[in-house]
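Colleague: Could you show me the model and let me quiz you on the wording? I'd like to hear the reasoning behind each label.

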Amino acid sequence: MENRSFRKFLEEKSANIKVERQGQRISWDEEVKKDKYSFTGFLEFAYSNKTSGDYIYLDRSTAFDILDRINWMDKKIKSLSTRLKILFLLLVASLLAAAWGWLT
Amino acid sequence: MERLREELTRRFIGNEEVISILMLNLLHRKSTTLIRAPRGTGKSTLMLLVLKGLFGDEFVVISGASEVKRGEVVGRLHIPSLEKKGREKVLWAKFVRAQGKGIDEANRLNPYTTANIHHLMQFGEVWAYGQKYTVEDYTLIANENPGDVTTFMQPPPFYDRFDIALYLNSLTVSQKFALQELNNDYGYDLIKSMPRVMEPGDLSEIRREVEETEVEPGLIGFINTLVRDFQVCVRGKEHSSVPLPVLCEGCHFTRFVCSRVKEPPSERATLILLQLAKAKKWLDGKVEEKDVIEMAKWVLIHRTGFINPEKPLKEISELLEREKERMFERESRKQWFILNELYNNFSPGLYRTAKEIAAEDNVFAEELFSLEEKWVKEGKISREETLKVGLGLE
């Protein structure tokens, strides 16, 4: 069923939008938003509780920084999982030894 | 209504913001208001002042703190009719018949009384001894102290029946002086001094006019979008047994209002907001989006379960502040225009833009999902390229 009041709302919202139509193509000018919360830097986005703008930009050095951190975390995860496996094997072995001692 | 405001503000010190919304809420049929405040902050006084101003002495107040019997709230049997004619005639209680109804300390009502009042508010009728009484238009004002140790926990659907919940603050030093002066002027009986400002039919006439007042589709859309922001969850929290915030882990929309709302408000929130908007337009000649945001605070606060429920007023104010930003972003993105274009005609370029927008707005995403369904059926797009699949929701 067609929702007439919703379409009416959409049409009212569209009525004041200035666009240029060239056949199938529609274009419009974007206003530059100067809002106190609309920052676009990645570090502000990551560490601030305030609302950011729609697009977040990264400079090359921040991107390298993040890559470095991801690689470091990858390595850390690998070494920790190896350590965990060893600890698990040791635990199983000591449990078996304890069980053997208790039975004999 | 201006006279009522004047007489009220003359006798009720502080909490001006609350008076404005309370006045607006009186302007629609079957108006219900809940006043929440610590003891001694004037919640009973405010309730009685409004009821006295509207109905003179023709209002009934029941108190949760005293023993309320069924006969006093709903009705009792007329014994002579039963004895002489064997007929069960019900004498309906003044509380159900009166247009002005008050409930003092609603959180201390027993479950039977609460159930009867809940039924009255839900269906506009009460039942006793197999007989029904249909309740006409009324004004119900209740108050409670949420910090009080109560006898019974009232169910959330009962609170949902209240159009608005108002929170009162205690008085500042200068306001205390003002109250002492007032008490001197009115002989320590503020309620008795309150005049009736309306004739019996005036309020009904006002409510009829407010009901007929029209609000612009843009503002109705604003109200619907605002409430939807508090309800929406692309992971379906309404029917999920996984609690928040666990359900939100890894969700694309975690920075939105939805991630701070555990229990979304009911659909009644949109209806009440629309009624309040109509009332504002009737009273002041205009109503704007910022007014709706102000009203929403009192409409949503008792209907919404927050992740951080410790300070509900602070939480709702913060979330509504975020909403202002979000509504601004929606306007800047021209998203409703794009949706309108897509409704009129499918265009791959606009669809791509709409998908980018939907990644920033879950409410918009929902609308796009339903359009995508249509396009998939019509063979305009494949299921794999839909946003739902892209977001991993299908």
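Colleague: Which strands make up the open sheet of chain B, and in what order?

Modeller: Keep in mind that this is a predicted model. The order is β2-β5-β8-β1-β9 in chain B, five strands with parallel pairing.

Colleague: What makes β2 and β9 of chain B edge strands?

Modeller: Each of them has a single partner strand, so one side of β2 (59-63) and one side of β9 are left without a neighbour in the sheet. On average, neighbouring strands here are turned by 15° against each other, ignoring direction.

Colleague: How do you know that β1(B) and β9(B) are paired?

Modeller: Two strands pair if DSSP finds at least two bridges between them. β1(B) and β9(B) have four bridges, in the parallel sense, so they count as a pair under that cut-off. If you want a spot to look at, Arg36(B) stands opposite Tyr167(B) of β9(B).

Colleague: On to helix α2 (residues 16-25) of chain B. Which of its residues are buried?

Modeller: Val18(B), Ile21(B), Leu22(B), Leu24(B) and Asn25(B).

Colleague: And what puts them on the same side of α2(B)?

Modeller: The arc they cover around the axis is only 160°, which is why they end up on the same side of the helix. As background, residues three or four places apart in an α-helix point the same way, because there are 3.6 residues a turn.

Colleague: What do those buried residues pack against?

Modeller: Two strands and three helices' worth of names to look up: β1 (31-36), β9 (164-167), α3 (43-55), α13 (268-284) and α14 (289-300), in chain B.

Colleague: How is chain B divided into domains?

Modeller: Domain 1 covers 2-212 and domain 2 covers 217-390. Their C-alpha centres lie 34 Å apart.

Colleague: With the centres 34 Å apart, how do you know that the two domains touch?

Modeller: Contact is judged residue by residue: the C-beta atoms have to lie within 7 Å. By that test 16 residues of domain 1 are in contact with 17 residues of domain 2 in chain B. On the domain 1 side, α2, α8 (156-160), β9 and α11 (200-212) of chain B each give two or more residues. β9(B) gives the most, with four residues. By class, that side has eleven nonpolar, two polar and three charged residues.

Colleague: How many residues does each chain bring to the contact between A and B?

Modeller: Chain B brings 18 residues and chain A brings 18 residues. In chain B, α12 (217-231), α15 (312-333) and α16 (335-344) each supply at least two, and α16(B) has the largest share, six residues. The chain B side has seven nonpolar, five polar and six charged residues.

Colleague: What is the layout of chain A?

Modeller: Along the sequence it reads α-β-β-α-α, which comes to three helices and two strands. Of the 104 residues of chain A, 4% count as buried.

Colleague: Why is Asn71(A) called exposed?

Modeller: The cut-off for exposed is 12 or fewer other C-beta atoms within 10 Å. Asn71(A) has 10 such neighbours, so it counts as exposed. Asn71(A) lies in helix α3 (residues 60-103) of chain A.

Colleague: And how far is Asn71(A) from Ser52(A), in sequence and in space?

Modeller: They are 19 residues apart in sequence, and 27 Å apart from C-alpha to C-alpha.

Methods
Residues numbered from 1 in each chain as written. Chains lettered and ligands numbered in written order. Predicted model: local features only at pLDDT ≥ 70, side-chain atom pairs only at ≥ 80, totals over all residues. Nonpolar A, V, L, I, M, F, W, Y, C, P; charged D, E, K, R; others polar. Buried ≥ 20, exposed ≤ 12 C-beta atoms within 10 Å, placed from the backbone. Arc of directions from axis to C-beta. Axes fitted to C-alpha atoms, helices over the stretch in contact; angles between N-to-C directions. Domains from an automatic or database assignment.
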